[in-house]
Amino acid sequence: MKTALITGITGQDGAYLAEFLLKKKYIVHGLKRRASSFNTQRIDNIYSDPFNKKNRLTLHYGDMTDSLSLIELIKKICPDEIYNLAAMSHVNVSFSIPEYVANVDALGTLRILEAVRILRLEKKIKIYQASTSELYGNADQIPQNEDTPFKPRSPYAVAKLYSYWTIVNYRESYNIFACNGILFNHESPMRGETFVTRKITMAIVNIVLGKQEKIYLGNLNARRDWGHAKDYVQAMWKILQYKKPEDWVIATGKSYSIKDLLTLSFSYFKIDIKFLGTGLNEKAIVVNCKNPKYQINKNQVVVEVKKRYYRPSEVNELLGDSSKARKKLNWTPKYQFKDLVEEMIKSDYNKLKND
Ligand code: NAP
Ligand code: GDD
């Protein structure tokens, strides 16, 4: 049985990855930080009593800003694989707390690598680093692959750039099996509620349920390459099973705008919308609601743009070329964009209809 340590186990990817590894018969340890209220909802379904002899999932308190807890934990568990997923992962929020983001998202990775080195576990432990397509920023090249130059555009992306190169440096300097997965956006019903996909699916459900009139958003013209988190955690695992440590782009190869996402999400409820105006004056109105069950009026404004959701510097388009992973890891995403959005809407509808 292999043992894995997942930092960020309480997040979207951590939860899917833990489930995936448990199915592969791993013993899974997760690092969770202390919070004043429960932060383990995403893993409730796989959590079992620690005193149960068959239990293979254990959570440990720790923090990416606390080297001592990381060293102690890695020493105690001595895992075969570390998946470093913990991060302050919201790009827009990173402009408000840049120093904290550097501490967690950049130095946190250094702390993990140093812990492995100090403990002389370089030969034993393989490390996966949650790198990101945000590294590309406003890249000159579309689509982006492993050779595309990085041009980060936010404190989040700059911190992740530090981590990216630290992983490469420790691989080259100390021969550690350390890899970057450069993952493009991936979503799911467990996506955090302030990321644009989930913000939209929840708001549209609330609009059709008559609980909310409209949704306020930022840049409607940004484009992203959205995949499903379930497909992407499989890629993380495959990256660590490859014969040598390398860096990998993981993406669907298709991009959509925020407007596309809105149009598709409303169409799930048989509501047609139309966009009017530009920039901060842009909005969407209802042109047709084919389902009489919903109290939606023709011409009702359902989307408005607000400056507060714009970023000081935006990444306009991300589109990934994951040919390398498809060829060498035999990885292909199973989910289509439409299925992903439908799954998120259905899940939010079931959650919100009785609230
Ligand atoms: P997420 O849902 O925001 O989860 C982040 C996790 O990190 C949570 O478990 C969070 O704990 C934990 N965390 C934050 N600060 C911490 C700290 N100081 N110490 C310990 N744990 C801390 O993010 P995600 O979508 O699962 O993404 C996982 C990783 O992949 C992140 O590193 C993200 O930057 C990266 N990534 C994500 C995407 C994407 O599209 N999802 C794409 C590329 C890369 P709490 O639950 O307590 O907040
Ligand atoms: N969050 C949010 N809220 N985004 C909005 C809004 C809004 O109201 N309106 C427009 N957007 C636009 C953003 O400006 C951005 O261009 C796009 O929607 C996607 O935003 P997010 O869903 O917040 O994701 P992200 O692309 O910034 O970052 C996510 O993906 C990265 C990988 O490319 C995060 O998961 C990062 O952690 C990850 O590294």
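This passage describes two ligand sites, two strands and the cysteines of the structure shown above. The model is a predicted one.

The surroundings of ligand 1 make a good place to begin. Around this ligand stand 25 residues, and the closest are Thr 10, Arg 33, Ser 89, Tyr 156 and Lys 160. Sorted by class, this shell comprises 10 nonpolar, 10 polar and five charged residues. Several backbone atoms come within polar-contact distance of the ligand. A polar backbone atom of Asp 13 is 2.8 Å from an oxygen atom of ligand 1, and a polar backbone atom of Leu 85 is likewise 2.8 Å from an oxygen atom of the ligand. For Gly 8, the separation between a backbone N or O atom and an oxygen atom of ligand 1 is 3.3 Å. On its own, ligand 1 would expose 900 Å², of which the protein buries 91%. Two or more residues of the shell come from each of α1 (12-23), α4 (98-118), β5 (126-132) and α5 (155-174). Of these elements, β5 gives the most, with three residues.

Attention now turns to ligand 2. Its shell holds 24 residues, with Thr 132, Ser 133, Tyr 156, Arg 311 and Glu 314 the closest. Tyr 156 is thus listed among the closest residues for ligand 1 and for ligand 2. The shell of ligand 2 consists of 10 nonpolar, eight polar and six charged residues. Here side chains take part in the polar contacts: a polar side-chain atom of Thr 132 lies 2.6 Å from an oxygen atom of the ligand, and an N or O atom in the side chain of Arg 191 is 2.8 Å from a ligand oxygen. The backbone contributes too, through a polar atom of Val 196 that is 2.8 Å from an oxygen atom of ligand 2. Taken alone, ligand 2 exposes 710 Å², and the protein buries 95% of this area.

Among the strands, β1 (residues 3-7) offers a clear picture of enclosure. Five of its five residues are buried, so the strand is largely enclosed by the rest of the structure. In a regular strand, side chains alternate between the two faces of the sheet. In β1, Thr 3, Leu 5 and Thr 7 point one way, Ala 4 and Ile 6 point the other way, and all are buried. Strand β2 (residues 27-32) runs parallel to β1 and is joined to it by five bridges. Within this pairing, Leu 5 stands opposite His 29 of β2.

Strand β15 (residues 301-305) has four buried residues out of five, and it is therefore largely enclosed by the rest of the structure as well. The strand has a parallel pairing with β8 (residues 215-217), made over three bridges, in which Tyr 216 stands opposite Glu 304 of β15. An antiparallel pairing links β15 with β14 (residues 283-289), also over three bridges. There, Ala 284 has Val 303 of β15 as its bridge partner.

Finally, the cysteines deserve a brief word. The structure holds zero disulfides. In the case of Cys 78, the closest cysteine sulfur belongs to Cys 179 and lies 18 Å away, too far for a bond, given that a disulfide needs two sulfur atoms within 2.5 Å. Cys 78 is partly exposed, with a relative accessible area of 26%. Cys 289 is partly exposed too, at 23% relative accessible area.

Conventions: Residues are numbered from 1 along each chain as its sequence is written. Chains are lettered from A and ligands numbered from 1 in the order in which they are written. This is a predicted model: local features need pLDDT of at least 70, side-chain atom pairs count only at pLDDT 80 or more; totals for chains, interfaces and linings use all residues. Side-chain values use heavy atoms; hydrogens and water are left out. A residue is near a molecule or strand if one of its heavy atoms lies within 4 Å of it. A polar contact is a pair of N or O atoms within 3.5 Å; within protein, one must be able to donate a hydrogen and the other to accept it, and residues adjacent in sequence count only if both atoms are side-chain atoms. Accessible areas come from the Shrake-Rupley method with a 1.4 Å probe; for residues, only the protein chains shown count as cover. Ala, Val, Leu, Ile, Met, Phe, Trp, Tyr, Cys and Pro count as nonpolar, Asp, Glu, Lys and Arg as charged, and the others, Gly among them, as polar. Buried means under 20% relative accessible area, exposed over 50%, partly exposed in between (1.4 Å probe, protein chains only). Two strands pair if DSSP finds at least two bridges between them.
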